[in-house]
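Here are my notes on this one, in the order I'd go through them with you on screen. Have the model open and click along.

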Amino acid sequence: MAIVNEDEITTGLEPADSEQQLQIPNELPVLPLRDIVIYPFMIVPLFVSREKSIRAVDEALGENRMILLASQKDLDKEEPGADDLYKVGTAAVIMRMLKLPDGRIRILVQGLARAEVESVETSAEYIRAHLHVVQEVLPPERSLEVEALVRNVRASMEKAINLGKNISPEVMAIIANLDDAGRLADLSASNLELKVEDAQSVLEIADTTARLRRVNDLLNKEIEVLTVQQEINTQARADIDRSQREFYLRQQMKAIQSELGEGNELAEEIAQFREKIEASNMPKVAEEEALRQLKKLERMHPDSAETATLRNWMEIMTELPWSKASVDNLDLIKAEQILNEDHYGLEKIKDRIIEALAVRKLKEKPKGPILCLVGPPGVGKTSLGRSIARALDRKFVRLSLGGVHDEAEVRGHRRTYVGAMPGRVIQAIQQAGTNNPLIMLDEIDKVGADFRGDPSSALLEVLDPEQNNSFRDNYLGVTFDLSNVIFMTTANILDTIQPPLRDRMEIIRLAGYTEEEKREIARRHLLPKQMEENGISARDVHISNTALTGIIQQYTQEAGLRQLEREIGTICRKVARRMAEGHKTAIRVSTKNLHEFLGAPKIIPEEVLKKDQVGIATGLAWTAAGGDVLFIEALRMKGKGNLVLTGQLGEVMRESAQAAYSYAKSRAKELEIDEEDFNNYDLHIHIPEGAIPKDGPSAGITLATAMVSALSLRPIRKDVAMTGEITLRGNVLPVGGVKEKVLAARRARVSTIILPALNKRDMDEVPKEPFKDIRFVFVDHMRQVFREALKEKVAPTAPASPRPQRVPQAASGRVAQAKL
């Protein structure tokens, strides 16, 4: 290892031992250098510690005292080889050598000439190179370019010194009197503290003019860096001077204010904070912490960054409603009246809310469960929470949790962070102005999680009545009592909610509305709201009940009411335009002129199949947007008994199909299926609309019915829809989402619905009036399903799989995923 001592670098410009007096041989030992490039005529002390390098020095001293100095490409490599050294180095003579007690040697070398390596011999002892001396290309005499470059280099070196570059006066004196352009370039480059790559690029240039030009470029770059560095130092010095001046002036101002008997703004603000702390009636622990921080604020500089942070904390602490609460309205009759005014139907949910109010009337601080309203979009979950707050005379605050993926959004940020703030729960209480508002946590099923924490886990404390009486926000640093707050949550689906979080909530399902309910809600709520928003009155427009039914059936397909409200809003805007144009009489909207306001029907209600067909069964599905009808197609074709499943079916649905196929195969004789058909025919199961993922176990009996129909050539009744899970023994198991599914069947105009027998208990949630013309069949075995759904066997025909007669719908009318 060769280490240079920069303090002992000398210029070595006297050519006493130059190549003119010493003949440089064609073969020399090599001394690899780590972090320096040595030019000709430089005298440099080097420390050598590597064994091979020490032997190379010994070999040079034993021969002619000459050695080749070559820089390494990789500074960290301990044993460089031929490919690790630059091809151009400097042939040098060892002037002195001193052995040190630690085993290293110190040598003093002087560069003689540039040398290019032709080949390298790497022996076990040291590295030896075959080389030839690189002859310099001298510039023409009296070259104007060289003269200009020499002047530029000298001027740049002077400028570098003025900008703070540490170059000794002796070197500058030599540069000022040096006329040799090549040596001027080498001397300037050696004093610029260049990187090894840049210094090596100067060494490799034999042409004197080009080398001087390269050094001039490197000097200009160094001057730019030095200029920026000086500007930074000047700015920092100016900032320090300004801060000291401001401090001095501020102390003078404080003394003047003291003489005049005037207090400063911070002192007045601290006095206000102290009054607010006393008036807020905080818990003892919170009050002690607030007073401690207030004393800390008194000792701080008014304009420091920490003062601003602490001031913000004090403002939030004093603005929080520690003891301010609203008085609950516990008049059950009035509360029920408000709920009926705001919402039509939903009797079960209203009863549950009135029960909670009754308990609150009898017990001062009950620990009631957290209500979670689950249902498709647009069924009124959030507005129901707002109505509950109005019935209780409590403040209502809505927090949207959709897309929240940082735990600090719930628990708050620590005050040490820039831009720290309390969590959303504390912000909601501050916004409400009371410590007992109703906080609606919207879209709790869409909470995310990443490396910053899991907000769902933080919500466990918020939503647990046993824990939230001492909720600790990271920003406040003290506990806040949330037990007086009524929390309600909303979700579209339950699958994405963590089980511990779901366990803390009472689930209340809002399945959707029937046509009759939608028509009544539109008449009572949606139409008056849209008329008010569009500046018209009931005297200006009249929409008949048949027109409302037409809007529901032909322009919307949803479990909720949002699209229906948009369509009614469209009608109201067109009426408003006619009134603005001078129309005097009331405008009547009926089924005959409905298309004039809304255009051609967007959705024709889903109808059942036109006729009984072999291999096509009608199934019922449940999605996050409500119920839906799916047609399952089965087709047999010549093959080897394979079961083919298409339509983007999920793993659970594929297993249901396999179970149904195994059941049909095991009951072939009973089902009037030729057993040889299972070996001679392939069975293809397809569910249309293949772009929509479909999964779930409740399509089992529908799949089995379609398979048996295709294999036995027995048609399926066109007006029968079904749902249920199948076992290998043919038993029918219960499924979920019954209300949503039967509502979808009602929209599809089916006359018979087959449900598992154990789902009969769910019929209490289904309104009776809209389904009085539909026959419900409850089954517990596949034999009953086949008896109701399959007709007698027909004569064999050519294989065909006609598609069900469904009207194409807009992409927005479908859901992202069907769960059967």
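**Notes on the model**

1. Start with the open space. The largest pocket holds about 1,000 Å³. Keep in mind throughout that this is a predicted model. The pocket has 39 lining residues, and Arg-509, Ala-511, Lys-739, Glu-740 and Glu-765 are the ones nearest its centre. Helix H11 (347-362), strand E14 (505-509) and helix H24 (738-747) are the elements that each give two or more residues to that lining. Sorted by class, the lining comes out as 19 nonpolar, six polar and 14 charged residues.

2. Next, the enclosed space. There are six cavities of 30 Å³ or more in the structure. The second largest cavity has about 70 Å³ of space. Its lining is made of Val-30, Pro-32, Arg-50, Lys-52, Ser-53, Glu-78, Glu-79, Pro-80 and Ile-127. Strand E2 (27-33) and helix H1 (51-62) are the elements that give two or more residues to the lining of this second largest cavity. By class, four of the lining residues are nonpolar, one is polar and four are charged.

3. Now go to helix H12, residues 381-392. From first C-alpha to last, its 12 residues reach 17 Å, close to the 16 Å expected at 1.5 Å a residue. How much of H12 is covered? Mostly covered is the verdict, with nine of the 12 residues buried. The buried set is Lys-381, Thr-382, Leu-384, Gly-385, Ser-387, Ile-388, Ala-389, Ala-391 and Leu-392. Among what covers these buried residues are helix H10 (332-342) and H11, along with strands E8 (370-374), E9 (396-400), E10 (438-442) and E13 (486-491).

4. Stay at the end of that helix for a moment. Asp-393, just after H12, has a positive phi of about 60°. Then look at Arg-394, whose side chain meets that of Asp-328 in a salt bridge, 2.7 Å from N to O. Asp-328 sits in the loop between helix H9 (305-319) and H10, and Arg-394 in the loop between H12 and E9, so this pair ties together parts that are 66 residues apart in sequence. As for exposure, Arg-394 is buried at 9% relative accessible area, while Asp-328 counts as partly exposed at 21% relative accessibility.

5. Ala-432 is worth a click. This residue belongs to helix H14 (residues 424-432). Why does Ala-432 count as buried? Its relative accessibility is 10%, and the cut-off for buried is under 20%. Leaving out residues up to four places away in sequence, Ala-432 touches Lys-395, Val-397 and Pro-437. Val-397 is 35 residues from Ala-432 in sequence, and their C-alphas are 6.7 Å apart in space.

6. Asp-445 is another one to inspect. You'll find Asp-445 in the loop between E10 and helix H15 (455-462). Buried or exposed, which is Asp-445? Buried, because its relative accessible area is 7%, and under 20% counts as buried. With residues up to four places away in sequence left out, Asp-445 touches Thr-490, Ala-491, Asn-492, Ile-493, Thr-496 and Ile-497.

7. Back to charge pairs in general. The structure holds 38 salt bridges. One of them joins Glu-193 and Lys-165, with the closest N and O atoms 3.6 Å apart. Since Glu-193 lies in the loop between helix H4 (181-190) and helix H5 (196-203), and Lys-165 in the loop between helix H2 (144-162) and helix H3 (169-177), the pair ties together parts that are 28 residues apart in sequence. Glu-193 counts as exposed at 61% relative accessibility, whereas Lys-165 counts as buried at 10%.

8. Last stop, Arg-211 and Asp-186. These two form a salt bridge whose closest N and O atoms are 3.4 Å apart. Arg-211 is in helix H6 (residues 208-260) and Asp-186 in helix H4, so the pair ties together parts that are 25 residues apart in sequence. Both Arg-211 and Asp-186 are buried. Show Arg-114 and Glu-136 as well: along with Asp-186 and Arg-211, these residues are linked in a network of salt bridges.

How values were computed: Residues numbered from 1 in each chain as written. Predicted model: local features only at pLDDT ≥ 70, side-chain atom pairs only at ≥ 80, totals over all residues. Heavy atoms only, no water. 1 Å grid on protein atoms, 1.4 Å probe; cavity = no way out; pocket = protein on both sides within 12 Å on 5 of 7 lines; lining within 4 Å. Points joined across faces, edges and corners; volume = space filled by probe spheres on them. Helix = DSSP H or I, 4+ residues; strand = E, 2+ residues; numbered from the N terminus. Nonpolar A, V, L, I, M, F, W, Y, C, P; charged D, E, K, R; others polar. Expected span 1.5 Å × (residues − 1). Buried < 20%, exposed > 50% of the residue type's maximum accessible area, 1.4 Å probe, protein only. Contact = heavy atoms within 4.5 Å. Salt bridge = Lys/Arg side-chain N within 4 Å of Asp/Glu carboxyl O.
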